[in-house]
Amino acid sequence: MNEKELTQLVKAISLKYFDYPFDGQVIINYRFKTTGGRYHLNDHHIEINAHFLKKKYYQDLVGIIKHELCHYYLHVHHLGYRHRDQDFKYLLKKVGASRYAPDIGLRKKPKYLYCCHNCGQRYPRQRRLNTRRFLCGKCHGKLFLLKKDLH
Ligand SMILES: [Zn+2]
Ligand SMILES: [Zn+2]
């Protein structure tokens, strides 16, 4: 899918689910890793993560587009367009948009897995933790290193 086709898809989704035209630009972003898309407040353009343009991620792509269009729609209508706003949460649900960027393995895999001695809660981490200082968030028990290098 190229930028033109993607733009057409965004416009179609906007009309179908929001009953409102999208008149901004759609740009493919090749550098996004964990970000699915981004809506820009200044000129209403939307960036979409290139990884999601593959056929097998089509459903995810639609979810991301809906998510960005929620920002757009609410913003141009002077409603709560931020993630924490009730308007946003409500609209997100209504149109069936994704809350977060779907995980397609682009996220960094955790290197360390810590476990609580007391309650068994697990803590995957990118970096080493100081287990003397860092206690379990659930029960304040001590943590220990269960596994290293999970990939
Ligand atoms: Zn968002
Ligand atoms: Zn615990």
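Okay, let me start with one pair of residues: Y112 stands opposite R125 in β5. Keep in mind that this is a predicted model, and let's build outwards from that pair.

So what joins β4 to β5? The two strands run antiparallel and are joined by 4 bridges. Another pair in that ladder is L113, whose bridge partner in β5 is P124. The two strands make a hairpin with 5 residues between them, and in the turn you'll find G120 with a positive phi of about 85 degrees.

Now look at the other side of β4. It pairs with β6, again antiparallel, over 5 bridges. L113 turns up here too, with K147 as its bridge partner in β6. Put that together and you get an open sheet of 3 strands in the order β5-β4-β6, with antiparallel pairing. β5 and β6 are the edge strands, each pairing on one side only. From one strand to the next, the twist averages 25 degrees.

Is β4 buried or exposed, then? 5 of its 5 residues are buried, so the strand is largely enclosed by the rest of the structure. If you follow the side chains, Y112, Y114 and C116 point one way, while L113 and C115 point the other way, and all of them are buried.

C116 brings me to the metal. Which residues coordinate the zinc ion that is ligand 2? They are C116, C119, C136 and C139, each through SG, at 2.2 to 2.4 Å. The spacing along the sequence is C-x2-C-x16-C-x2-C. C116 lies in strand β4 (residues 112-116) and C136 sits in the loop between β5 (122-125) and β6 (143-148), so this pair ties together parts that are 20 residues apart in sequence. As for the geometry, the 4 donor atoms subtend angles of 102 to 116 degrees around the zinc ion (ligand 2), and that makes the arrangement tetrahedral. Both C116 and C136 are buried, by the way.

Next, the other zinc ion, ligand 1. Its protein donors are H67, H71 and H83, each through NE2, lying 2.0 to 2.1 Å from the ion. Here the spacing along the chain reads H-x3-H-x11-H. H71 is in helix α2 (residues 58-76), and H83 is in the loop between α2 and α3 (86-95), so that pair ties together parts 12 residues apart in sequence. How accessible is H71? It is buried, with a relative accessible area of 11%. H83, on the other hand, counts as partly exposed at 41% relative accessibility.

While we're around H83, have a look at R82 and D85. They form a salt bridge, and their closest N and O atoms are 3.2 Å apart. In general, side chains of opposite charge can pair when their charged atoms come close. R82 counts as partly exposed, at 39% relative accessibility, whereas D85 is buried with a relative accessible area of 13%. And how many salt bridges does the count come to? The count is 1.

Let's move to the remaining sheet. This one is also open, with 3 strands in the order β1-β3-β2, but here the pairing is mixed. β1 (26-29) and β2 (37-39) stand at the edges with a single partner strand each, so one side of each is left without a neighbour in the sheet. The twist averages 20 degrees from one strand to the next. β1 pairs with strand β3 (residues 46-49) in the parallel sense, over 4 bridges. Within that pairing, I27 has E47 as its bridge partner in β3.

On β2, I'd point you to G37, which has its place in that strand. G37 counts as buried, at 13% relative accessibility. Its C-alpha is 9.3 Å from that of A50, with the two residues 13 apart in sequence.

Last, let's zoom out. Which domains does the assignment give? There's domain 1 (3-95) and domain 2 (112-148). How far apart are their centres? Taken over C-alpha atoms, 37 Å separate the two.

That's the tour. If you want one spot to open in your viewer, go for C116: it is a donor to the zinc ion (ligand 2), it lies in strand β4, and it is buried.

Methods: Residues numbered from 1 in each chain as written. Chains lettered and ligands numbered in written order. Predicted model: local features only at pLDDT ≥ 70, side-chain atom pairs only at ≥ 80, totals over all residues. Heavy atoms only, no water. Donors = N, O, S within 2.8 Å, 3.2 Å for Na, K, Ca; no water. Buried < 20%, exposed > 50% of the residue type's maximum accessible area, 1.4 Å probe, protein only. Tetrahedral: all angles 85-135°; square planar, octahedral: opposite > 155°, others 65-115°. Pairing = 2+ DSSP bridges. Axes fitted to C-alpha atoms, helices over the stretch in contact; angles between N-to-C directions. Domains from an automatic or database assignment. Salt bridge = Lys/Arg side-chain N within 4 Å of Asp/Glu carboxyl O.
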